[in-house]
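Got your viewer ready? Here is a short tour, one selection at a time.

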Amino acid sequence: MLLNIYSLLSACFFVLMDAVDVAFTEAAVGVGVSTILLLSTLTITGSFEKNKRIKPILTFVIVIISGFLLIYGTLQMPPFGSSDAPIHQHVATYYIEESYTETGIPNIVTSVLANYRGYDTLGELFVIFAAGIGVITLLDVNTNIKNLSMFKNDLSKSLIQNHILRVISKMLIPFILLFALYVQFHGDFGPGGGFQGGVIFASAFILYTMLFGLKASQKLISQSWLEFFSALGVLLYTCIGMIPLFTGKSFLNYKVLAQDPLQGQHLGVLIVELGVGITVFSIILLIFIAFTKQVSIIGEGK
Amino acid sequence: MNILESFNYWVVMILMMSGLYILIAHGNLVKKIIGLTIFQTSVYIFYISMANISGATAPIIYKNIEGDNILYSNPLPHVLILTAIVVGISTMALALALVIRIKQSYGTIEEDEIHAKEQQQ
């Protein structure tokens with residue numbers, strides 16, 4: 001819970017630092033998803049630590065020494081908020097000055113994310129995909145055999161009694177979905193994009209699962225479909241990257257996607273963000289479902 | 001004057017060192033992951049505060065006032081951290097999944113107890 005508040009605070013800090021896109025992501029990820037994952041892990045493993053610390057004084061000495069070394073390193077760093085720091089001298093000025101005329105996308109963060117650093121984003125997407133597969137293979141080993149009907153007494157049993165929560169959430173979920181779609185497709189012009197949109201879309205489903213149980217949400221979208229979608233997003237991104245190769249251009253060069261290069265850029269970025277959004281949505285939801293299954297197994301045992 | 005100008009680095013160092021302390025001093029694996037998350041967030045804050053220029057605005061170009069010289073903050077660290085946050089949550093989920101598996105096979109998530117059980121085998 002404290003970590004939750006900490007994430008919210010750092011999201012506020014990112015807004016103050018003019019990093020609206022990052023603040024968006026941190027608010028969606030840190031406040032919602034990571035807290036749920038941590039809480040469900042604590043439910044499984046027990047929330048009390050046995051009081052055996054390994055030499056706190058020695059650790060403290062190590063931490064203090066390395067802290068001083070790092071602070072000694074910062075003495076040479078440029079002052080906070082200065083515009084002539086070395087970080088602003090290299091490629092960043094090019095992005096700020098040229099990206100709008102080259103790509104036609106007002107949000108520089110989106111154009112750099114999907115266009116100039118498209119390879120990087122593709123790699124990140126593969127990391128997310130691989131991590132999701134890892135979680136499923138680790139946690140699903142002992143749930144595959146059992147039937148889904150055992151999730152009748154879910155962890156949400158107590159929540160089902162709560163009428164106010166149910167009604168309000170039922171009203172909220174469509175708006176959350178709508179907002180997620182807005183964030184997803186408006187990412188070219190305002191803060192947002194695939195990463196944020198996917199996480200918000202997933203959080204609507206997570207809310208639904210928490211209220212109505214795993215069985216109801218599995219009826220809505222089954223796990224095999226989610227696995228399919230998670231692969232589909234990555235495939236979409238890669239295929240869009242491959243299309244220019246056939247016309248003799250380089251990988252992820254969106255200019256050839258339409259007659260007008262600017263329109264091609266727009267189309268490319270939109271589809272790439274869609275791919276990112278689909279993968280992030282389904283991986284986050286898959287991870288959540290895997291954790292929830294573990295929690296409900298613990299609930300069965302008691 | 002130097003200290004006040006670089007206070008953002010100090011905040012980052014304090015956060016980073018508290019994360020490191022939790023990571024080393026605690027035997028509980030979940031707490032270790034929380035420490036790692038705090039460490040990670042300090043790096044995010046480090047990047048974002050580097051990108052900030054005083055008097056600058058968010059890096060979204062406004063069409064109406066194009067041509068005027070508006071200061072935008074550096075978009076590149078924003079991109080890096082944006083993806084790093086989502087990758088961070090999925091790797092954290094992977095770490096937590098490993099912890100759950102360890103709990104299932106060893107019955108404990110305390111580091112020294114796991115070590116003792118390993119020695120017995």
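Is Asp120(A) buried, partly exposed or exposed? Select it: Asp120(A) is partly exposed, with a relative accessible area of 27% (buried is under 20%, exposed over 50%, partly exposed in between, with a 1.4 Å probe and protein chains only). Before moving on, note that this is a predicted model, where local features need pLDDT of at least 70, side-chain atom pairs count only at pLDDT 80 or more, and totals for chains, interfaces and linings use all residues. Residues are numbered from 1 along each chain as its sequence is written, chains are lettered from A and ligands numbered from 1 in the order written, and side-chain values use heavy atoms, leaving out hydrogens and water.

Now add Arg117(A), which forms a salt bridge with Asp120(A), the closest N and O atoms being 3.0 Å apart (a side-chain nitrogen of Lys or Arg within 4 Å of a carboxyl oxygen of Asp or Glu). Arg117(A) is partly exposed too, at 27%. Searching the whole structure turns up 1 salt bridge over all chains.

Next, go inside. The largest nonpolar core (buried Ala, Val, Leu, Ile, Met, Phe, Trp, Tyr and Cys joined through side-chain atoms within 4.5 Å) has 79 residues. Helix H11 of chain A, residues 261–301, gives the most to this core, with 15 residues (helices are DSSP runs of H or I, at least four residues, numbered from the N terminus). Color Ile284(A), one of the residues with the most contacts inside the core. Leaving aside residues up to four places away in sequence, Ile284(A) touches Val33(A), Val199(A), Ala202(A), Ile206(A) and Ile89(B) (contact is heavy atoms within 4.5 Å).

Definitions and conventions: Helix = DSSP H or I, 4+ residues; strand = E, 2+ residues; numbered from the N terminus.
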